[in-house]
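These are my notebook entries on one protein model. I set down what I looked up, entry by entry.

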Amino acid sequence: LLRPSGGAIEGCGAIVVSDPGRGGVFAFAPEGGPEIREFAYGQRRFGSPAGIACGPSGSLLVADAALGVVVELDAKGVTRRRIGEGTLGRPTGLALDRERGELYVADTAAHDVKVFDAQGALVRRLGRRGEAEGEFNFPTHLWFRDGELYVSDTLNGRVQVFARGADRPRLVVGSRGLYVGQLVRPKGVATDSAGNIYVVESYYDHLLVYD
């Protein structure tokens, strides 16, 4: 790996990592063994693979920030379809609502989160550029768990948490600042079974854990 950006394991059967430095997506054995597979986009490499998610029937979803599209590959690595072509500007983070079959895409250039249905059609947008709650400033990474969407609102220095279908957050984690617990450039976000919230603070190379 040269510049790993996103990772996924749920529903994958492997640890899958996007690497824009190599223009590819790589799968590793769950126990951390050697690389077992490389995924490419057709006969060429990805432009800048970012967020990834594992879909049904072994499919793999890859947000390509350079190509402005989410590519869906089948279990054999064959391109199945392109989602958001002509709609997405710079897709980065991905998250799946497995119960509803909806795909959330952080469109960093548009300062919003776009939601696509199981057929790949755009069904709604969340947010716009701004600093108020429910607005974003270059959102990047996403996480969806237990009916809630977590958005790394990167240049606003916070993570916003939305209930499914809501336009305003039920919780805002962190704030812009220089003290531990505040955020400067939050990127990756995830939760655990106890409800703790994990946030990668990319500017200071910290992993912060909130209750």
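**Entry 1. The disulfide**

I looked up the cysteine pairs and found that Cys12 and Cys54 form a disulfide, with their sulfur atoms 1.4 Å apart. I note here that the model is predicted, and the distance is a computed value for this pair. A pair counts as a disulfide if the sulfur atoms are within 2.5 Å, and by this rule I count one disulfide. In general terms, a disulfide is a covalent bond between the sulfur atoms of two cysteines.

I then checked the handedness. The link of Cys12 and Cys54 is right-handed, with 70 degrees about the S-S bond. Which parts does the pair tie together? Cys12 lies in the loop between β1 (6–8) and β2 (15–19), whereas Cys54 lies in strand β5 (residues 49–54), so the disulfide ties together parts that are 42 residues apart in sequence.

Is each cysteine buried or exposed? Cys12 has 23% relative accessibility and counts as partly exposed. Cys54 has a relative accessible area of 3% and is buried. The cut-off for buried is under 20%, so Cys12, at 23%, does not count as buried.

**Entry 2. The four-stranded sheet**

I turned next to an open sheet of four strands, which follow the order β13-β14-β15-β16 with antiparallel pairing. The edges are taken by β13 (139–145) and β16 (171–173); each has a single partner strand, so one side of each is left without a neighbour in the sheet. On average, and with direction ignored, neighbouring strands of this sheet are turned by 20 degrees against each other.

I went through the pairings of β14. With β13, strand β14 pairs in the antiparallel sense over five bridges. Within β14, Glu148 is the bridge partner of Arg145. The hairpin of β13 and β14 has two residues between the strands, and Asp146 there takes a positive phi near 55 degrees.

On the other pairing, six bridges join β14 (residues 148–153) to β15 (residues 158–163), and these strands run antiparallel. I noted one residue pair here: Tyr150 has Val161 in β15 as its bridge partner. The hairpin of β14 and β15 has four residues between the strands, and Gly157 in the turn has a positive phi of about 65 degrees.

How many residues of β14 are buried? I find that six of its six residues are buried. Glu148, Tyr150 and Ser152 point one way from the strand, while Leu149, Val151 and Asp153 point the other way. The residues on both sides of β14 are buried, charged Glu148 and Asp153 among them.

**Entry 3. The pockets**

I looked for open space and recorded about 1100 Å³ in the largest pocket. It is lined by 45 residues, and the closest to its centre are Gly7, Ile52, Leu94, His141 and Leu142. The elements that give two or more residues to this lining are β1, β5, β9 (91–97), β13, β17 (186–191) and β18 (197–201). By class, I count 22 nonpolar, 13 polar and ten charged residues in the lining of the largest pocket.

The second largest pocket holds about 240 Å³ of space. Its lining has 16 residues, with Pro56, Arg81, Leu96, Gly101 and Ala118 nearest the centre. Two or more residues of this lining come from each of β8 (79–83) and β9. The most comes from β8, with three residues. The classes in this second lining are seven nonpolar, three polar and six charged residues.

**Entry 4. The cavity**

My last search was for enclosed space. How many cavities of 30 Å³ or more does the whole structure hold? The search finds one, and the largest cavity has a volume of about 90 Å³. I listed its lining residues, among them Tyr104, Val115, Leu149, Phe162 and Asp167. Leu149 thus appears in this lining and is also one of the buried residues of β14.

The elements that give two or more residues to the lining of the cavity are β12 (122–126) and β15. The most is given by β12, with three residues. I recorded seven nonpolar, one polar and four charged residues for this lining; Arg124, Arg125 and Arg164 are among the residues that line the cavity.

Key: Residues numbered from 1 in each chain as written. Predicted model: local features only at pLDDT ≥ 70, side-chain atom pairs only at ≥ 80, totals over all residues. Heavy atoms only, no water. Buried < 20%, exposed > 50% of the residue type's maximum accessible area, 1.4 Å probe, protein only. Pairing = 2+ DSSP bridges. Axes fitted to C-alpha atoms, helices over the stretch in contact; angles between N-to-C directions. 1 Å grid on protein atoms, 1.4 Å probe; cavity = no way out; pocket = protein on both sides within 12 Å on 5 of 7 lines; lining within 4 Å. Points joined across faces, edges and corners; volume = space filled by probe spheres on them.
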